[in-house]
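These are my notebook entries on a few things I looked up, written out so that a first-year student can follow each step with the structure at hand.

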Amino acid sequence: MKKIGVIIPTFNIEYSTEFLHGIYDFFNDKDVTIIYTQTKLPHSTVGVYDYQYWQSAELLFSQEIDALIVATGVFCASMTQEELEQELYRFGRRPVISVAIPLNLPNCYTVQADCKKSYLDVISHLKNVHGCKSIAFLSAAATKSKEAIERLEAFKEAMAANKLKVNEKYIYEGKFTDFDAEAALKKSLKSKSDVKFDAMVCANDMMAIGCYRVLNELGLSIPADVKVVGFDDAQFANRANPRLSTINQNIYNQGFECAKTAFSVLNEEEVPRLILSELEPKFRQSCGCIPLNSSEDVYRNVSGEYVEENAHLISRLNSYMNDLEERNTIIILLDILKGANTMRQFYYNLKHIIHLCAMDDMIINLYPMPIYMDYNEDFVIPEKMELNMFSDIVNVNENFNPGTKFNPNKIIFSEPSLDNTKGQYILHPIFSGETSYGYLICKINKNKFADYTIYLKILINAISSSIEYTNRLMETERLTNKYTELQEDNTSLTKQSKTDELTGVLNRRGYYEFGQRTIDIIQEMEHAGIVFFADMDNLKKINDTYGHDAGDNAIKLLAEVFKSVFRNNDVIGRLGGDEFGVVAPGMILEHVPLIRKKIDETCKKESKRLKLPYTLSVSVGYASLEKSSLLKQLMSEADEMLYKEKRKKHGRKYSG
């Protein structure tokens, strides 16, 4: 059975709702498997852990996916086309269906809005119906978005076709936001007399709202003094005052056409590389087609006919927020999850969760070990995963920890009974903070994507908590025995990837992963602990005087000092250069002066024993676990104390 992936930054905006509904409706009766995923952006830090979502895109590059639908226009509003192409290039020669922007990929098809025809309709309407002769344009071309540039060029072509002159002074830069549009207009329009144009066409509806504010402040009336036309037909356009004339992109149809194209390509039908989607101008109050005192929810089309607004223009998201039934679903879901402390308890509730959240089944797959992810790292999918649990409420089939292992680079569905089953699915990574645990995939039976966003966020938080709690229960006995589990790794490859080659202690990644796990566990068990941040003194001078080999030997010696001073259950890591970190579970503040003294004495003793031409020295800062539950925050606290100690030592020469 063919499998088609759909990637989009978020389900939870108006554009996504329309676009995904179009895809969903086309495939609703087709014999295919569709997997939707919201990916945010690679390495994104807009939300604290947004970068974690991109791993779901990596999973859709799996060999199992036959074609990919990409919401390119949304991605390229926040990243360059070249950056997106670089991410997608790994999909190889399999077909990619891009919406809005053609991509330079080996096998790309594009569904694109035909803005040239729509702008021609708008300019012709303003000239022939309303007698406008001097028309301004609010552009977003400075964003370098291809869509923005196309709209500006389409405007100029439409003006030329209507034998109207484009005045470059009347082209303003709004950068797609109402605030940028407002600032650009205010810079040039200081009074009524500065407004020489009789109409303003805007590259999107948001900029049109910025234009509204400026014209109103100048005492100009819309549409009597200036006609205003937007682009997008956003939800607020028909609720603005006056109601905004605009161009409806028919986003639903673009989603439908993308789905149709993917289906046709996979069925080896002849399909053009570029499919143009027709847009629909809607002339309302802001151009004068509908009286300002009219309460009728209508617009005029290009033919001059009055048309009632479609019911779908009422925001599905707003409908959801006011829908008591959906609010009750969330409340019930939270109540169910309260009793799911362990993974097995979560499994016992899984079939009830699936039914409640308008799903048919769910698979939960976990990595062999949790993966620590920093925002600037590329996610690499492990070659081995394990099916943790699944539940299929339609066919009454479920299992917990069946021992099924698989390679997610080759297949996505780990449970054979659910593979090759037609339907529409959402794939979502399971993560908490910087730690990734795996992914879930669920079959949906409704097209309420905004609701699924909330359900899945609640679920992955609960799953992450259950995983951590289960692991802590299993590790308690070993942790009380000097926390030996934290010194073990399952494979030599894991050890190699988390060990510093020069010193033999943990590297930065290993330190933050094991250090955070240690903190989580000892705080759960209500034990004390101290985090240390250490930095060698005078390393540069050692390098400059005795050479870099001597500097490396000094770093190795300092690691040996820490290993001799601290205990086996303490987590020691080299953070880079001459910086080290230590997580010391069970240690109390009263012990810190003794530890610092012992470090100093050991440095001097080893320097003398090895007859070094210098005396090894280190500055140490520390923080108690009472300060925070996050290792990065604790290291920052310790770094501040380290800085103060460095300042005290400033100017002191090392002995040599």
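Entry 1, two helices. In this predicted model, I looked up helix H16 (residues 539–546) and helix H17 (residues 548–565), and found that their axes come within 6 Å and cross at roughly 140 degrees. H16 is therefore oblique to H17, since an angle has to be over 145 degrees to count as roughly antiparallel. I then listed who makes the contact: from H16 there are Leu539, Ile542, Asn543 and Tyr546, while H17 brings His548, Ala550, Gly551, Ala554 and Ile555. Sorting the residues of this contact by kind, I counted six nonpolar, three polar and no charged.

Entry 2, a sheet and the helix on it. I next traced an open sheet of four strands, whose order is S22-S23-S21-S24 and whose pairing is antiparallel. Which strands stand at the edges? They are S22 (571–576) and S24 (618–624), and because each has a single partner strand, one side of each is left without a neighbour in the sheet. From one strand to the next, I noted a twist that averages 20 degrees. Looking at one pairing in detail, I found that strand S21 (residues 529–536) runs antiparallel to S24 and is joined to S24 by seven bridges; here Phe532 stands opposite Tyr622 in S24. I also saw that helix H19 (residues 631–649) packs on the sheet, where H19 touches S21, S22, strand S23 (579–585) and S24, and that the direction of H19 makes about 140 degrees with that of S24.

Entry 3, aromatic rings. To describe a pair of aromatic rings, I need the distance of the centres and the angle of the planes. My search of the whole structure gave 28 aromatic pairs. One of them is Tyr36 with Phe449, an edge-to-face pair at 4.9 Å centre to centre, with 65 degrees between the planes. This pair links distant parts of the chain, as Tyr36 lies in strand S2 (residues 33–38) and Phe449 in helix H13 (residues 449–480), 413 residues apart. Are these two residues buried or exposed? I found both Tyr36 and Phe449 to be buried.

A second pair I looked up is Tyr452 with Tyr455, whose ring centres are 6.2 Å apart and whose planes are at 85 degrees, so this pair is edge-to-face. Tyr452 and Tyr455 are three residues apart in helix H13, and so they are separated by about one helical turn; both are buried. Finally, I noted one aromatic cluster formed by Phe26, Phe27, Tyr252, Phe256 and Phe263.

Notes: Residues numbered from 1 in each chain as written. Predicted model: local features only at pLDDT ≥ 70, side-chain atom pairs only at ≥ 80, totals over all residues. Heavy atoms only, no water. Pairing = 2+ DSSP bridges. Axes fitted to C-alpha atoms, helices over the stretch in contact; angles between N-to-C directions. Contact = heavy atoms within 4.5 Å. Parallel < 35°, antiparallel > 145°, perpendicular 65-115°, else oblique. Nonpolar A, V, L, I, M, F, W, Y, C, P; charged D, E, K, R; others polar. Phe/Tyr/Trp six-rings, centres within 6.5 Å; stacked < 30°, edge-to-face > 60°. Buried < 20%, exposed > 50% of the residue type's maximum accessible area, 1.4 Å probe, protein only.
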